Amino acid sequence: MSKSDFTPNEMMTVAASRALKSEDVCFVGIGAPSAACNIARLTHAPDITLIYESGTIGTAPDVLPLSIGDGELCDTALTTVPVPEMFRYWLQGGRITIGFLGAAQLDRFGNINTTVVGDYDHPKVRLPGGGGAPEIASSSQEVYITLAQSKRSMVEKIDFYTSFGHGEGGDHRQRLGIDTKGPTLLITDLAIWKPDPATREFTVVSLHPGVTREMVQETCGWTVKFAETLEETPPPSELELATLRDLKARTEAAHKGA
Amino acid sequence: MARFLPLSEAVAENLNDGDTVAFEGFTHLIPTAAAHEAIRQEFADLTLIRMTPDVVYDQMIGMGMAKKLVFSYAGNPGVGLLRRLRDAVENGFPRSVEIEEHSHAAMANAYEAGAAGLPCAIFRGYRGAELAKVNPNIKSIACPFTGEELAAVPALRPDVSFIHAQKADLQGNVLIEGIVGVQKEAALAARRAVVTVEELVDDFDDLHPNLCILPHWTVTAIAVVPGGAHPSYTHGYYARDNAEYLEWDKIAADREVFRAWMDENVLQAAPDDFAKRVEKLRLAR
């Protein structure tokens, strides 16, 4: 397999993993964030502290958990605390540097909906709900978001504000008394986005290899803003790709009960 | 004082139609056997509380036992949505279910407040979150010292909480290990606490001094049900049956397939069947 032979999803996971540092204390959402956080741990950030909302602190799973409470997380954790303690001392207490979230629906200001599609009382689709996300979004020092682009997921207006990002933009967080930074990074399968310093609207700063502006716009429900100087995301290294594929293969085998 | 009972009696004596009940477990130690016993005994009009309602609540809602659900994340963890719950919320089938929806932080704090004998929980939460607009039980309160606006939710006080744990000793003390979740709080917040356990041991002497223990005088009834958390898991005993969670997505997708599955695996089954279900998942000890 040649070096350039990787999928958009693999690029997304690797790009997201690169944003994490060994010093980070990261509250990990399930799905795409979980893969990215563990690739970081297995490559350039071996000392990163990964925390899952089931109470596992400093966990180092050999396979990706299917749920946030798989036994693997507890077995490999430094310590496991009760769920109320997790949310009170560790999240509300300000110990989390990065909250890493996925989204069913996302808007340009990093507001997230994982509650309903349609009206709350008469939903078209009843989604699982917020879980830990509403307070992860407000109590983590900053928030990274990762999701695959589509017009269904990246929308002009989300149907429900499950987790508050930058609201209507600008200083909306501060006006609500939220003193954390909120979403500072969005990693999709096509690009890396950062909020504009003034408006807080997510702006594309780097395109993944082979991706054009048109591809980003075609899979996004709002009119995309691009930075004046656009970078190209370095492709996954052989180590990153091999680590990710090994992890996925181990995980798939484990979840089938092999 | 804890009484050792067969599961059928423990459920019959402690659950009533119309009760507010928590079958609590945070991915780990979900009290499936107790929930299935409640389904077999056909309780009705229950208010179901749980932070993470998953397959067992999907089953209870699909059987029409719930009039209300209090929750913070209703999904099949890592798999997707709960399809029987969706059918109830979106189509009112087999009956409509009232929803009281919170965040995890709120539910965890509310259980803790219940265990602490407080009327409400206060925490820094729901800022900018729309749940505060659709759930009248989410209010705010000003800190009397700093003036900071904080969120407040009512304490959770279930009529009865059901939990699953590793072991009980002969006196009826209960030991919980691994991901302990919110079960200690759920048990202490409730008027009655019913515990299923993997096994009975003589005593807890010579164990680590800081283990999570519910003293026997906080527990109403104990039933020994090996495998009673399946398809969830019991740390130190058997692994999570992830394949079954994946399979549930297909079973719950169709009303008739669901009923047939419930008939075969719950209505025609018994607590003793759980031991067989975890046989292939047992860990080397």
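In the predicted model, the second largest pocket is lined by 23 residues, and those that lie nearest its centre are Ala254(A), Ala239(B), Arg240(B), Asn242(B) and Leu283(B). The volume of this pocket is about 540 Å³. Two or more lining residues are given by each of α3 (71-75) and α8 (238-255) of chain A and by α8 (242-251) of chain B, and the largest share, three residues, comes from α3(A).

Enclosed space was also searched for over the whole structure, and two cavities of 30 Å³ or more were found. The largest cavity holds about 40 Å³ of space. From chain A, its lining includes Phe87(A), Arg88(A), Leu91(A), Gln92(A), Glu135(A) and Ser139(A), while Ala105(B), Asn109(B), Phe123(B) and Arg124(B) line the cavity from chain B. The elements that contribute two or more residues to this lining are α4 (83-92) and α5 (133-139) of chain A, together with α5 of chain B; α4(A) gives the most, with four residues.

The strands of chain A include an open sheet of 10 strands with mixed pairing, in the order β4-β3-β2-β1-β5-β10-β11-β12-β13-β14. Its edge strands are β4 (79-80) and β14 (225-232), each of which pairs on one side only. Towards the β4 end of this order, strand β2 (residues 49-52) and strand β3 (residues 56-57) of chain A pair in the antiparallel sense over two bridges, with Tyr52(A) standing opposite Thr56(A) in β3(A). Strand β10(A), by contrast, takes part in parallel pairing, since β5(A) and β10(A) are joined in that sense over four bridges, and four bridges likewise join β10(A) to strand β11 (residues 183-187) of chain A, again in parallel. Val143(A) illustrates both pairings of β10(A): Gly99(A) stands opposite Val143(A), and in β11(A) the bridge partner of Val143(A) is Pro183(A).

The burial of β10(A) was examined next. Five of the five residues of this strand are buried. In a regular strand the side chains alternate between the two faces of the sheet. In β10(A) both faces are covered, with Glu142(A), Tyr144(A) and Thr146(A) buried on one side and Val143(A) and Ile145(A) buried on the other. Helix α2 (residues 32-42) of chain A lies across β1 (25-28), β2, β5 (98-101) and β10 (142-146) of the chain, and runs at about 155° to β2(A).

A further helix of chain A, α1 (residues 8-18), holds Thr13(A). The relative accessibility of Thr13(A) is 6%, and this residue therefore counts as buried, the cut-off being under 20%. When residues up to four places away in sequence are not counted, Thr13(A) touches Ala35(A), Ala36(A), Ile39(A) and Leu244(A).

The largest nonpolar core comprises 84 residues, of which Leu20(A), Cys26(A), Phe100(A), Trp193(A), Val216(A) and Tyr126(B) touch the most other members. Helix α5 (residues 104-115) of chain B provides the largest share of this core, seven residues. A second, separate core of 47 residues includes Ala38(B), Phe71(B), Ala88(B) and Val225(B). For Cys26(A), leaving aside neighbours within four places in sequence, contacts are found with Leu20(A), Cys37(A), Ile48(A), Thr49(A), Leu50(A), Ile51(A), Ile98(A) and Phe100(A).

In chain B, helix α3 (residues 55-62) is mostly covered, eight of its eight residues being buried; among them are Val55(B), Tyr57(B), Asp58(B), Met60(B) and Gly62(B). Just after α3(B), Gly64(B) takes a positive phi of about 75°.

Strand pairing in chain B was also assigned. Strand β8 (residues 120-123) and strand β10 (residues 149-154) of chain B run antiparallel and are joined by four bridges, with Ile122(B) standing opposite Ala152(B) in β10(B). Strand β9 (residues 139-142) of chain B also pairs with β10(B) in the antiparallel sense over four bridges, and the partner of Ile141(B) in β10(B) is Leu150(B). Together β9(B) and β10(B) form a hairpin with six residues between them, and Gly147(B), in the turn, has a positive phi of about 85°.

Terms used: Residues numbered from 1 in each chain as written. Chains lettered and ligands numbered in written order. Predicted model: local features only at pLDDT ≥ 70, side-chain atom pairs only at ≥ 80, totals over all residues. Heavy atoms only, no water. Buried < 20%, exposed > 50% of the residue type's maximum accessible area, 1.4 Å probe, protein only. Contact = heavy atoms within 4.5 Å. Pairing = 2+ DSSP bridges. Axes fitted to C-alpha atoms, helices over the stretch in contact; angles between N-to-C directions. Core = buried A, V, L, I, M, F, W, Y, C linked by side-chain atoms within 4.5 Å. 1 Å grid on protein atoms, 1.4 Å probe; cavity = no way out; pocket = protein on both sides within 12 Å on 5 of 7 lines; lining within 4 Å. Points joined across faces, edges and corners; volume = space filled by probe spheres on them.
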